[in-house]
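Biologist: I would like to go through one part of this chain slowly with you. Could you put the model up first, and then I will point to the place I have in mind?

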Amino acid sequence: MAASSIETVVDDPRVTAQFCRSIRHPGGEVVLLGVVHDHPASIGRVRTVIERVDPDTLALELPSAAVPLYRAYARDERSPPRFGGEMSAAIDAVSNTEVVGIDAPNWPFVRRLVARLVADRVSPSTARRVLSSLGNATRDALTSRVAATVTDATSLTVAADEPVSYSCTRADDPETQAAHERAHVAGVRALLGGTEDEVERPTAYRDDARERCMVEQLRARRADGSVVAVVGADHLDALEAGLSDSLSGGSTRHSSSSN
């Protein structure tokens, strides 16, 4: 099913242009699904869209080393799975689809990040904070890989992190979930907006490198067919812009629905 027709087929308030973008390209189509970690609306949106699109590739905002752990979560008899939030729910929703992790840390990310820090001549304190966050991300990825090994080899299920609780649940209707998710995102953005200078924020350097690397991987993956990418909602605009920049003659860009 063409991703651009999702809004005409799915009558679901959780599937809107705020969280769902489709970029059509002669080499293949990418559907970007923005999510709020563990939110019931995000889990519902991911499952609904993936089941409709049936993509050739499922790309997750996870390091490659963490994918096996979320595969293990997805084998839970419950649907959606108890652990792993929207990522394991996405894996649970596919069958013969290739599942890949497109997030840092990886070598292209490290090279791009270091090159940017050098080119911008950032202060030593900013460089230390950026590299410290990189070290934390690497430890998290390795921890996930070990957790996957333990989960596969034993009857234990190792949780990568504590599930996030919200005032709405999966038992609430889609309208309630969607309204709560929109309010949550608006509240978080209002809280974070303007707190630090965007150029000097260490997270800005890290996220820019992450997003550029994710765009490169999605460009390569769409050559093999349709792609659904599940990423944090804050990355949607940057990924959509990066993929749209590579559109050639005859290509079009669609939003999956209106708010």
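Biologist: Let us look closely at the hairpin: which residue in E2 does histidine 25 stand opposite?

Modeller: Happy to take that one, with the reminder that this is a predicted model. Histidine 25 faces glycine 28 in E2. That pair belongs to a hairpin formed by E1 and E2, with 2 residues between the strands. E1 covers residues 20-25 and E2 covers residues 28-35, and the two pair in the antiparallel sense over 6 bridges.

How enclosed is E1? Of its 6 residues, 5 are buried, so the strand is largely enclosed by the rest of the structure. Cysteine 20 counts as buried because its relative accessibility is 0%, under the 20% cut-off. Another cysteine, cysteine 213, has 4% relative accessibility and therefore counts as buried too. You may be wondering about sulfur bridges. A disulfide is a covalent bond between the sulfur atoms of two cysteines. Searching the whole structure turns up 0 disulfides.

From the hairpin, a good next stop is arginine 45, whose contacts include Leu33, Gly34 and Val35. Residues 28-35 make up E2, so those three contacts fall within that strand. Beyond four places in sequence, arginine 45 also touches Arg14, Val15, Phe19 and Glu181. Its relative accessible area is 0%, so arginine 45 is buried.

Arginine 45 sits in helix H2, residues 40-53. H2 is largely enclosed by the rest of the structure, because 12 of its 14 residues are buried. Among the buried ones are Pro40, Ala41, Ser42, Ile43 and Gly44, as well as a second arginine, Arg47. The geometry of H2 is easy to check: at 1.5 Å a residue its 14 residues should span 20 Å, and the end C-alpha atoms are 20 Å apart, so the two values agree. Right after H2 comes aspartate 54, with a positive phi near 50°.

For a look at another helix, take proline 202 in H8, which runs over residues 202-221. With a relative accessible area of 9%, proline 202 is buried because that value is under 20%. Its C-alpha atom is 6.0 Å from that of threonine 126, although 76 residues along the chain separate the two. Setting aside neighbours within four places in sequence, proline 202 makes contact with Thr126, Arg129 and Val130.

Now for the chain as a whole. The chain has 9 helices and 6 strands, and buried residues account for 47% of its 259 residues. Of the contacts between residues at least 6 apart in sequence, 79% join residues at least 24 apart. The accessible surface is about 12600 Å², and carbon and sulfur atoms hold 50% of that.

Finally, a word on confidence. The mean pLDDT of the chain is 82, with 78% of residues at 70 or more. Among the elements, strand E3 (residues 57-60) has the highest mean pLDDT, 97, while strand E6 (residues 253-255) has the lowest, 46. Values stay under 50 over residues 1-5, where the model has 12 contacts beyond four places in sequence. They also stay under 50 over residues 248-259, where the model has 34 such contacts. Where pLDDT is low, the predicted coordinates should not be read in detail.

Terms used: Residues are numbered from 1 along each chain as its sequence is written. This is a predicted model: local features need pLDDT of at least 70, side-chain atom pairs count only at pLDDT 80 or more; totals for chains, interfaces and linings use all residues. Side-chain values use heavy atoms; hydrogens and water are left out. Buried means under 20% relative accessible area, exposed over 50%, partly exposed in between (1.4 Å probe, protein chains only). Helices (H or I, at least four residues) and strands (E, at least two) are DSSP runs, numbered from the N terminus. Two strands pair if DSSP finds at least two bridges between them. A disulfide is a pair of cysteine sulfur atoms within 2.5 Å. Contact means heavy atoms within 4.5 Å. Accessible areas come from the Shrake-Rupley method with a 1.4 Å probe; for residues, only the protein chains shown count as cover. pLDDT is the predictor's confidence in each residue, from 0 to 100. The expected span of a helix is 1.5 Å times one less than its number of residues.
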